[in-house]
Amino acid sequence: MSYDDTGVRCTMLRGGTSRGLFFDAADLPAGDAERDDLLLRLMGTPDPRQIDGLGGSTSLTSKVAVVSRSEDPDADVDYLFLQLGVDAATVSDQQNCGNILAGVGPFAVERGLVPAADGETSVRIRMVNSGSIAVASFPTPGGTVEYRGDVAIAGVPATAAPVVLAFTDTEGSATGSLLPTGHVRDSIEGVEATCVDNGMPVVVAMAGSFGLTGYETHEELAADAELLARVDAFRVKAGQLMGLGDVSSSSVPKTALLSPARDGGQVCTRSFIPVQPHTAIGVLAAVSVVTGMLLPGAVGHELTADWARAGSQVDVEHPTGHLLVDVVVDASAQPPRVVRSGVVRTARKLFDGTAFPRAC
Ligand code: NQM
């Protein structure tokens, strides 16, 4: 019997503003090649509409979490994040995903990989992609995951229970260092840029450097082929400088363009993942952007002059609302050191059952 006959146990969860297929590693083939082939066929990739699979025709809904008990004494579970292509048959483990991460703790409890406390449960999650640890805390009244709650996050209709995520050791997640080019500021393709990696490698520039206001809608950005080509050339060059090699077909680095906040937040962002514009902003991308901005000399640092008044929480505006991140950096250390970073997200179980792969 093959997976084509039996299907495979699968849970679909929304994590933050992304959606993914969650698997217990024990239910998937052990070899990477066989596993990736199965995942592509379950997702319906390659196909721009993913009509014969479970993907939702966007990169934000073509995500996979593979979860297992951890042998690391500092973690309860291991979480491997895989980004699947939509119209290209690609499976990448090069990046983390802080949105899908929000579903990992609840999933681990649901599948009996960790015990739940009565009230609130904290799960220590090793993010296999970067080796960093995140602690997810969420409500478990009576030892059962409660997804309902009153926390709203931008980009998700209705409210849900909070999943509080605290990160450690996310510096240099994919590149080995917080400032992977060795500088707080570089000139890339004639544009002043800061390359930073606190959970996600991101190249940051001012929107004005690309001839933008920074307040364009997602649709306006997506329709601007010339802009997207320029963003792509810019990030490919940044990827080389960040030591990532040829990133022309890689999902990292992401690009973030900044402008002054205009909706009560502290900075306005437009991000590209890696070339198409994001409808919001990735969690770890936002954490990385804010981390970079806190460093004197970095692009956007001038926008942080009055941030201290709001404490360590930074309200990041994006095309569909706001994302609140909590970042503390010791900028006086050499090299600069991240003291703390975190975020509040929500998650929801969408289905749990058996998924069947398409033929090929
Ligand atoms: O940066 C999209 C998302 C992400 C990644 C992407 C993310 C993060 O919005 O931590 O969450 O960057 O492709 O889910």
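**Working through a ligand site**

A backbone N or O atom of alanine 285 sits 3.0 Å from an oxygen atom of the ligand. Keep in mind that this is a predicted model.

**Exercise 1.** Work out how much of the ligand the protein buries, and find further polar contacts to ligand oxygen.

*Solution.* Start with area: on its own the ligand exposes 350 Å², and the protein buries 99% of that. Now go looking for contacts, using the cut-off of 3.5 Å between N or O atoms. Glycine 98 qualifies, with a backbone N or O atom 2.7 Å from an oxygen atom of the ligand. Asparagine 99 makes the list through its side chain, where a polar atom lies 2.9 Å from a ligand oxygen.

**Exercise 2.** Describe the shell around the ligand: how many residues, what kinds, and from which elements?

*Solution.* Count first: 15 residues surround the ligand, with Ser18, Gly98, Asn99, His278 and Leu284 the closest. Sort them next, and you get seven nonpolar, six polar and two charged. Then trace them back: helix 3 (98-110) and helix 6 (283-293) are the elements that give two or more residues each. Helix 6 has the largest share, three residues.

**Exercise 3.** Place the ligand relative to the domains, then describe how the domains meet.

*Solution.* The assignment gives domain 1 (3-171 + 346-355) and domain 2 (186-334). Each of them supplies at least three residues to the ligand shell. Their centres, taken over C-alpha atoms, are 25 Å apart. At the interface, 14 residues of domain 1 are in contact with 20 of domain 2. Finish with the area buried between them: about 1300 Å², with 56% from carbon and sulfur atoms.

Conventions
Residues numbered from 1 in each chain as written. Predicted model: local features only at pLDDT ≥ 70, side-chain atom pairs only at ≥ 80, totals over all residues. Heavy atoms only, no water. Near = heavy atom within 4 Å. Polar contact = N/O pair within 3.5 Å; in protein donor to acceptor, adjacent residues only side chain to side chain. Areas by Shrake-Rupley, 256 points an atom, 1.4 Å probe, with all protein chains shown as cover. Helix = DSSP H or I, 4+ residues; strand = E, 2+ residues; numbered from the N terminus. Nonpolar A, V, L, I, M, F, W, Y, C, P; charged D, E, K, R; others polar. Domains from an automatic or database assignment. Contact = heavy atoms within 4.5 Å. Buried area = accessible area lost by both parts, 1.4 Å probe.
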